[in-house]
Amino acid sequence: MQPLPLPKSILLRKPWEYRAVYGNGRRIRGNHLTIIYAPNGTDQNRLGISIHGIKKAVTRNRIKRIIREFFRSNRSFISPSSDIVFAVRNGFNVDSPLMIKKMIGHMVRSTSTKQSRTESL
RNA sequence: UGGAGUGGGCGGAUGAUCGCUGUCCCAAAGGGAUGGAGGAAAGUCCGGACUCCGCAGGACAGGAUGGUUCGUAACGCGAACCGGAGAAACCCCGGGAAAGUGCCACAGAAAAGAUACCGCCAUGAUCUGUUAUGGUAAGGGUGAAAUGGUAAGGUAAGAGCUUACCGCUUUCAUGGCGACAUGAAAGGCAUGGCAAACCCCAUCCGGAGCAAGACCAAAUAGGGAAACAUUCCACAUCACAGAUGUGGUGAAGGGCGGUCCGUCCAAGUUUUCGGGUAGGUUGCAAGAGGUGUUGGGCGACCGACAUCCCAGAUAAAUGAUCAUCCCCCUGCAAAGGGGACAGAAUCCGGCUUAUAGCCCGCUCCAGUCC
RNA sequence: GUCCCCAUCGUCUAGCCAGGUCCAGGACACCGGCCUUUCACGCCGGCAACACGAGUUCAAAUCUCGUUGGGGACG
């Protein structure tokens, strides 16, 4: 394994940063999960996580850690460098990084094919 | 052996790689060392520490607690004991209803110092079916609850009317720090229930809470002050609306307009001051601390000595993968699946609630054998 | 994080403080009937709820404790 650090400088932390992504971003919808991303002009992706409606602190922390772990190992899964927000809603029951990797891979692939189709048309 | 009750403990382990984070060291990027969730971190139900505000002293109001004695910084917590209830252990309950007010639906005669529905008894009347008056509260009936209980005597029938025992009340004696227990005497029954109804008694409590509080401090708007500017200011004169003269200062912004003039609009510009927002620093972790030995105490707990430092994040760190082992389930095996409840946010002592599985101790009941 | 409040038919609510006549009342909605040529209006009837679990009490929507859910204040 090569080192894949995840410092705090590439995490979204302030409310206005999240608002900017929500305002200008494109959305990919999944099962109780929406990925919103907007190009940020830097040379790397930045990560934000928003969890709604999950009351147990244990599950909330678990989801946050899994998403961070996925992002750490797949830093550039969206091609132009963007600010990416994972918006999780109640009912999200993914419990391992492998599951989320499959899920997000599926989501990204379907949207990219759709985009390429629309572009070809 | 089976069942029941109750108390305590554990809450998967080790290693590797990649990440996050606190502290320390080398220090220019960066590197190294070391630490990194719980018994409930939860609910926020109590009690404190800490911080700010308030405060002569006292009383009232309001709130909380409620057998006794200890323990504790304190508590609504804990320990031991007392009483009640109860096959047993255990669990549970705990001031006052003979200070006052209030309530006790329906049913019932009557729901608290008032009385008699069915009854029982006596006397009178009588058409022999009953009826009037009086006595009585043993029995029946109502109800969640009915005016001491049982037995004997007694009586017209009955009744603490009398007696014995039990209960109750009062007084005394003995034991105990005390709650209370035991014994004796007297009274002759007075005292229904509800205080998680108002209330009375005793004790305790000032209010807010780390988003407390302290410090540093952008941008924008607004506030105070000063300077400058505005057909302005100061002084003098006049016929006092205003004009003139002298001196000072300065001719700045926007709209109409080709430009000047003109006209309309706005009140500004600069400096500085303090409050203070975003943001940052601090409070912020050595403590009513843990562990071991030992002394005191029935125990909760307290003392002495030694030793250890054991999370401090801030859109908020403790994670992922792999390997080996442990426990449980399925399976002949190989193998597969699973390992609860749950995540620190100023810190402690409790309570309550959630919790797969496992381990240990004590008590009671039943059965079998000796 | 700290501190508060609330929960009753499908909806809005009364009753709770002072427990009993409450298997819980009213309005709108819904269903059925009457009226009308029909609809509406009106009249009559029906359906339907005390968040959950313990406790106190003879008796709990009401009093006490806990749980769950919902909402609010503090930067």
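A salt bridge here is a side-chain nitrogen of Lys or Arg within 4 Å of a carboxyl oxygen of Asp or Glu. I'm keeping that at the top of the page, and I'm also noting that this is a predicted model.

**Entry: salt bridges**

I searched the whole structure and got two salt bridges. I started with Glu 69 and Arg 72, whose side chains meet at 2.8 Å, N to O. That is within the 4 Å cut-off. Why do these two sit about one helical turn apart? Because Glu 69 and Arg 72 are three residues apart in helix H2. I jotted down the rule behind this: an α-helix has 3.6 residues a turn, so residues three or four places apart point the same way. Then I checked how open the two ends are. Glu 69 is partly exposed, at 32% relative accessible area, and Arg 72 is partly exposed too, at 27%.

Next I looked up the pair of Arg 46 and Asp 83, where the closest N and O atoms are 2.8 Å apart. This salt bridge links distant parts of the chain: Arg 46 belongs to strand E3 (residues 46-51) and Asp 83 to strand E4 (residues 82-88), with the two 37 residues apart. Is Asp 83 buried or exposed? I found Asp 83 at 8% relative accessibility, so it counts as buried, since the cut-off for buried is under 20%. Arg 46 comes out at 22%, which makes it partly exposed.

**Entry: helix H2**

Back to H2, this time the whole helix. I counted 17 residues, from 57 to 73. From first C-alpha to last, H2 reaches 24 Å, close to the 24 Å expected at 1.5 Å a residue.

Which residues of H2 are buried? My list has Ile 63, Ile 66, Ile 67, Phe 70 and Phe 71. They cover an arc of only 135° around the axis, so they lie on the same side of H2. I then checked the face turned away from that buried side, and there I found Val 58 and Arg 65, both exposed.

**Entry: the hairpin**

Last, I went to strands E1 (residues 26-29) and E2 (residues 33-39). They run antiparallel, and I found four bridges joining them. Which residue in E2 stands opposite Arg 27? I traced across and landed on Ile 36. E1 and E2 form a hairpin, with three residues between the strands. I looked at the backbone in the turn as well: His 32 has a positive phi of about 60°.

Terms used:
Residues numbered from 1 in each chain as written. Chains lettered and ligands numbered in written order. Predicted model: local features only at pLDDT ≥ 70, side-chain atom pairs only at ≥ 80, totals over all residues. Heavy atoms only, no water. Expected span 1.5 Å × (residues − 1). Buried < 20%, exposed > 50% of the residue type's maximum accessible area, 1.4 Å probe, protein only. Arc of directions from axis to C-beta. Pairing = 2+ DSSP bridges.
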